[in-house]
Amino acid sequence: MKNRIALLLLILTIGCKSTSIQSNDSISKSQKGDVLNKEYSILAVLWQQNSAEYKALTYQAFNTAQLQLDNMLRNKKGSEKPMAIVTDIDETLLDNSPYNAKMIELNEDYSEARWIEWGKERKAKAIPGALEFFKYAKSRGVEIFYISNRLSKQKRETIENMQKLGFPFSDDQHVLLKTDTSKKESRRFQVEKTHEIIMLLGDNLSDFHFVFDDQPSETRSRKVDSLKTFFGNKFIVLPNPMYGDWETDGILEGNYKWTPYQKDSIRRSKIRSY
Ligand SMILES: [Mg+2]
């Protein structure tokens with residue numbers, strides 16, 4: 001009996017010790033507000049890197065794009081300007097999930113320095129189906145313009161990464177990166193001066209139309225409903241569970257100053273249970 005009581009006391013003491021160490025630690029860090037927790041994004045990265053469903057969806061997107069391109073070319077009655085496809089780069093044809101994995105590994109939030117470091121590696125792989133589609137479009141006489149919000153100082157490594165993979169038209173003239181604004185309308189307009197844009201591809205709604213720029217979740221959702229006939233037609237959407245305007249403008253309401261703890265509360269407050 002004595003032994004059992006002694007053992008019970010020992011277990012209780014050890015238990016209390018470890019609990020108090022953990023909670024004191026997390027309380028003091030939380031009070032300082034300097035702890036990041038990337039736990040919430042693990043599943044998104046796992047899904048992109050491991051689920052065969054992700055791959056199946058990207059093949060589905062590019063198969064649809066090819067079907068629609070064939071349809072358009074069959075019904076085309078000649079045009080004054082040469083035809084072009086406008087496409088985004090990140091999570092549309094380059095897979096940046098290792099960058100997102102690195103943020104989890106280091107428990108870091110987005111930083112320009114880390115993003116540039118990843119870009120310089122020139123190691124991003126092609127999204128499944130992307131290369132074949134853009135090569136096919138080129139073979140059908142369509143030019144490709146890459147409109148991306150990578151920073152203009154990343155141009156060299158971006159082009160080299162794309163060239164290494166074999167993307168057609170990956171050159172200075174066809175890769176239009178972010179200079180003064182992340183809004184893409186002015187760059188689309190620039191392409192339209194000389195070309196007819198017949199299709200747009202992207203993982204983010206602002207890759208398609210300015211009506212989606214800087215909008216909260218409800219408006220984005222409503223505008224998608226109103227443009228529903230364009231998707232899988234002129235607009236080809238790729239899946240991206242890791243980041244996008246759906247999170248920054250939608251969930252986080254365009255505020256880049258929330259602390260990690262505030263972000264966590266906002267995320268939790270926005271899930272809909274029954
Ligand atoms: Mg993108």
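Which residues make the nonpolar surface patch of about 280 Å²? The legends below take up this patch and then further sites of the structure, which is a predicted model.

**View 1. The nonpolar surface patch around Leu-43.** Ile-42, Leu-43 and Leu-46 together make a nonpolar patch of about 280 Å² on the surface of the predicted model. Of these residues, Leu-43 belongs to helix α2, which covers residues 42-50. Leu-43 has a relative accessible area of 65% and therefore counts as exposed, the cut-off for that class being over 50%.

**View 2. The magnesium ion and its donor residues.** The magnesium ion is coordinated by OD of Asp-88, O of Asp-90 and OD of Asp-203, at 2.0 to 2.2 Å. Along the sequence, the spacing of these donor residues follows the pattern D-x1-D-x112-D. Distant parts of the chain are linked by the pair Asp-88 and Asp-203, which lie 115 residues apart: Asp-88 sits in the loop between β1 (83-87) and β2 (94-95), whereas Asp-203 sits in the loop between β6 (196-202) and α9 (217-226). Asp-88 is buried, its relative accessible area being 6%, and Asp-203, with a relative accessible area of 13%, is buried as well; the class of buried residues takes in values under 20%.

**View 3. Glu-91 in the loop between β1 and β2.** Glu-91 is placed in the loop between β1 and β2, the loop that also holds the magnesium donor Asp-88. Although Glu-91 is a residue other than glycine, its phi has a positive value, near 65°. Because its relative accessibility is 0%, Glu-91 counts as buried.

**View 4. Asp-214 in the loop between β6 and α9.** Asp-214 is found in the loop between β6 and α9, where the magnesium donor Asp-203 is also located. The phi of Asp-214 is positive, at about 55°, and Asp-214 is not a glycine.

**View 5. The β-α-β unit of β4, α7 and β5.** Strand β4 (residues 143-151) and strand β5 (residues 175-178) run parallel and are joined by 3 bridges. Within this pairing, Ile-147 has Leu-176 of β5 as its bridge partner. Together with helix α7, which covers residues 155-165, the strands β4 and β5 make a β-α-β unit that is right-handed.

Definitions and conventions: Residues are numbered from 1 along each chain as its sequence is written. This is a predicted model: local features need pLDDT of at least 70, side-chain atom pairs count only at pLDDT 80 or more; totals for chains, interfaces and linings use all residues. Side-chain values use heavy atoms; hydrogens and water are left out. Patches are made of residues with over 30% relative accessible area and no salt bridge: like charges are joined within 9 Å, nonpolar side chains (Val, Leu, Ile, Met, Phe, Trp, Tyr) within 5 Å. Accessible areas come from the Shrake-Rupley method with a 1.4 Å probe; for residues, only the protein chains shown count as cover. A salt bridge is a side-chain nitrogen of Lys or Arg within 4 Å of a carboxyl oxygen of Asp or Glu. Helices (H or I, at least four residues) and strands (E, at least two) are DSSP runs, numbered from the N terminus. Buried means under 20% relative accessible area, exposed over 50%, partly exposed in between (1.4 Å probe, protein chains only). Donors are N, O and S atoms within 2.8 Å of the metal (3.2 Å for Na, K and Ca); water is not among the atoms, so sites may look incomplete. Two strands pair if DSSP finds at least two bridges between them. A crossover is right-handed if, with the strands pointing away from the viewer, the path from the first strand over the helix to the second runs clockwise.
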